[in-house]
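What follows is a walk through one chain, starting with its contacts and ending with single residues. Please keep the sequence and the model in view while reading.

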Amino acid sequence: MALHIREDILAKYGDFYSFALEQSTDALILKGLDDSAVSELCDYTAHNLIVKDSPKLTDFTFLQKFKDIENAAIFRCKKFIEVWDITYNPHLQSLVISDCKKLNNIDTISYGGKIEHIFIGGKSFNEPYLSSLVPLASQKSLITLDLAVKKCADTRKIAFNKVWPCLEALTISPNMRKYFLSENEV
């Protein structure tokens, strides 16, 4: 189950879950972090975590310390380049990465976990530029996938209806259609 968003907040953002998530008060919110600040973080018991507005933060491996995390969101972190090793977060169900323009590596998503909801993108379809979508194929529990990204370096296509049997909603930017096989192509 994804982090609950109050109906009035969700309505304010036109039902865009990732934008409404920022307004949640049911989460540990870390804002304005840099690498020295996160080195002092200890193991925390947080089920919902938001990291936002941290342009100086380069090392996101501190997220591995949140063993009980179920929902993680990263907003406007300019130096967020790759997803941390999520095998340290076995309960992770929801991952939102928004307006992190330099994100290009999501390979560690394939390392484990049973993520049900993934949003990667931004307010415009001009970023990020991912190296591959193939790591997403390992997440067999995916229910919703939202990709608002510019393009992908790896041109292999994904047969989404076969790869994600539980998928209920797939939202992709128009330029991402070429990376997914339709039912007619399978």
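**From contacts to single residues**

Of the contacts in the chain with a separation of 6 or more, 45% are between residues 24 or more positions apart. The model is a predicted one, and the values below are computed from it.

The chain has 186 residues, and 48% of them count as buried. It exposes about 9400 Å², of which carbon and sulfur atoms supply 51%.

The secondary structure consists of 4 helices and 9 strands. Along the sequence these elements follow the pattern α-α-β-α-β-β-β-β-β-β-β-α-β. Two helices therefore open the pattern, and a strand closes it.

How are the strands arranged in the sheet, and in what order? There are 7 strands in an open sheet, and the order across it is β1-β2-β3-β4-β5-β7-β9, with parallel pairing. The edges are taken by β1 (28-31) and β9 (169-172); each has a single partner strand, so one side of each is left without a neighbour in the sheet. On average, neighbouring strands of this sheet are turned by 5° against each other, direction ignored. As a general point, strands of a sheet pair through backbone hydrogen bonds, either parallel or antiparallel.

At the β9 edge, the pairing can be followed down to residues. Strand β7, residues 144-148, pairs with β9 in the parallel sense, and 4 bridges join them. Asp146 has Thr171 in β9 as its bridge partner.

Elsewhere in the sheet, Asn48 belongs to strand β2, which spans residues 48-52. Is Asn48 buried or exposed? Its relative accessibility is 10%, and because buried means under 20%, Asn48 counts as buried. The side chain of Asn48 also has a polar contact, at 2.5 Å, with the side chain of Asn71.

Thr155 offers a contrasting case. This residue sits in the loop between β8 (151-152) and α4 (160-163). The relative accessibility of Thr155 is 60%; since exposed means over 50%, Thr155 counts as exposed. Leu133 is 22 residues from Thr155 along the chain, and the C-alpha atoms of the two are separated by 8.8 Å.

Taken together, the two residues show both outcomes of the accessibility test: Asn48, in strand β2, is buried, whereas Thr155, in a loop, is exposed.

Key: Residues numbered from 1 in each chain as written. Predicted model: local features only at pLDDT ≥ 70, side-chain atom pairs only at ≥ 80, totals over all residues. Heavy atoms only, no water. Buried < 20%, exposed > 50% of the residue type's maximum accessible area, 1.4 Å probe, protein only. Polar contact = N/O pair within 3.5 Å; in protein donor to acceptor, adjacent residues only side chain to side chain. Pairing = 2+ DSSP bridges. Axes fitted to C-alpha atoms, helices over the stretch in contact; angles between N-to-C directions. Contact = heavy atoms within 4.5 Å. Areas by Shrake-Rupley, 256 points an atom, 1.4 Å probe, with all protein chains shown as cover.
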